Amino acid sequence: MVLNYNSAKEKLLTFDIDGCQRFFAENGHLLELGYCYLLSDRLDDARETFEVARNYDKRANWGLFMANLFSDRPADYPSYFELRNFLEIDLNILINAGKGEYVEKLVSYADFFYTINPEVYKFIGRVFLNNDLKQYGYFFLMRAKDYFYQDPELHYILSEYFFNNNDYSEAKKYAQSCLDILPEYFPAKKMMRKINAAV
C-alpha cells in the first residue's frame, strides 16, 4: 500500500509506528516523526526532531517538553495554550498506546500545570473518564471543583459522570450547579431532561 499523509497519520494514531515512520522521515513531516520516536521510546531522537520542528510548528514545543519530561530532564515550561490545546489529546494518545509510565509522569505534574492553566484537572479527569478509568477521572474532577468551581463545563461533566453511574440525585445537583453558573448552557438543560426522564 502506497502511503499518503492521511494514511500515514492514521497509522500513527493507531500506533502502527513501523507503518508510518519512514513516510514521515522521507517527506519531512518532523512533528509526526517526533511522535513516532516518542511512542517508540526513542526519546533522544524525539527531542532532536522536535527541536528542529519547533522552528515552524508550535506543537513541537509541547512535544519537546514531553520528550524532556519523559527523559527526566524537564526544561522549558509549557504555555497556557499548549496545555489547553495538547495535554488532553496527547494524554489520551499515551493511554491508548499503553504508555503508562509516560502517563504517570505527565499527570504527576498536574499541580504545577494548574498554576499555568487552571483547567488542567478537568482535562485530565475527562481523559481518564473517557478511557473508563473512572476512579482517576473522578479524583481529578473533584480536584478541579475544589480549585476552579466556577467552570460550568466541569459541573456538566460531573453531572454526566453521576448520571452514567445511576446516581441521579448527584447528577441533578451538578447539572443545576452548571445552570446556576451559566443558565443557558444547553448540554446541562438536556441533561436535566434526561435525569427527569430517568427518575
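A crossing is left-handed if the near helix is turned anticlockwise from the far one by less than a right angle, and right-handed if clockwise. Helices are DSSP runs (H or I, at least four residues) numbered from the N terminus.

This is a predicted model, where local features need pLDDT of at least 70, side-chain atom pairs count only at pLDDT 80 or more, and totals for chains, interfaces and linings use all residues. Residues are numbered from 1 along each chain as its sequence is written, and side-chain values use heavy atoms, without hydrogens and water.

**Exercise 1.** Describe the packing of helix 3 and helix 4.

Step 1. Take the axes (lines fitted to C-alpha atoms over the stretch in contact; angles run from 0 to 180 degrees between N-to-C directions). Helix 3 spans residues 30-39 and helix 4 residues 43-53. Their axes come within 8 Å and cross at roughly 165°.

Step 2. That angle makes helix 3 roughly antiparallel to helix 4 (over 145 degrees).

Step 3. The handedness of this crossing is left-handed.

Step 4. List contacts (heavy atoms within 4.5 Å). Helix 3 residues including L30, Y35 and L38 meet helix 4 residues including L43, F50 and A53. The contact residues divide into 11 nonpolar, two polar and one charged.

**Exercise 2.** Describe the packing of helix 12 and helix 13.

Step 1. Helix 12 covers residues 168-181, helix 13 residues 186-198. The angle is about 155°, with the axes 9 Å apart.

Step 2. Helix 12 and helix 13 are therefore roughly antiparallel to each other.

Step 3. Their crossing is left-handed.

Step 4. Among the contact residues, helix 12 supplies Y168, K172 and C178, and helix 13 supplies K189, M192 and N196.

Key
Helix = DSSP H or I, 4+ residues; strand = E, 2+ residues; numbered from the N terminus. Parallel < 35°, antiparallel > 145°, perpendicular 65-115°, else oblique. Nonpolar A, V, L, I, M, F, W, Y, C, P; charged D, E, K, R; others polar.
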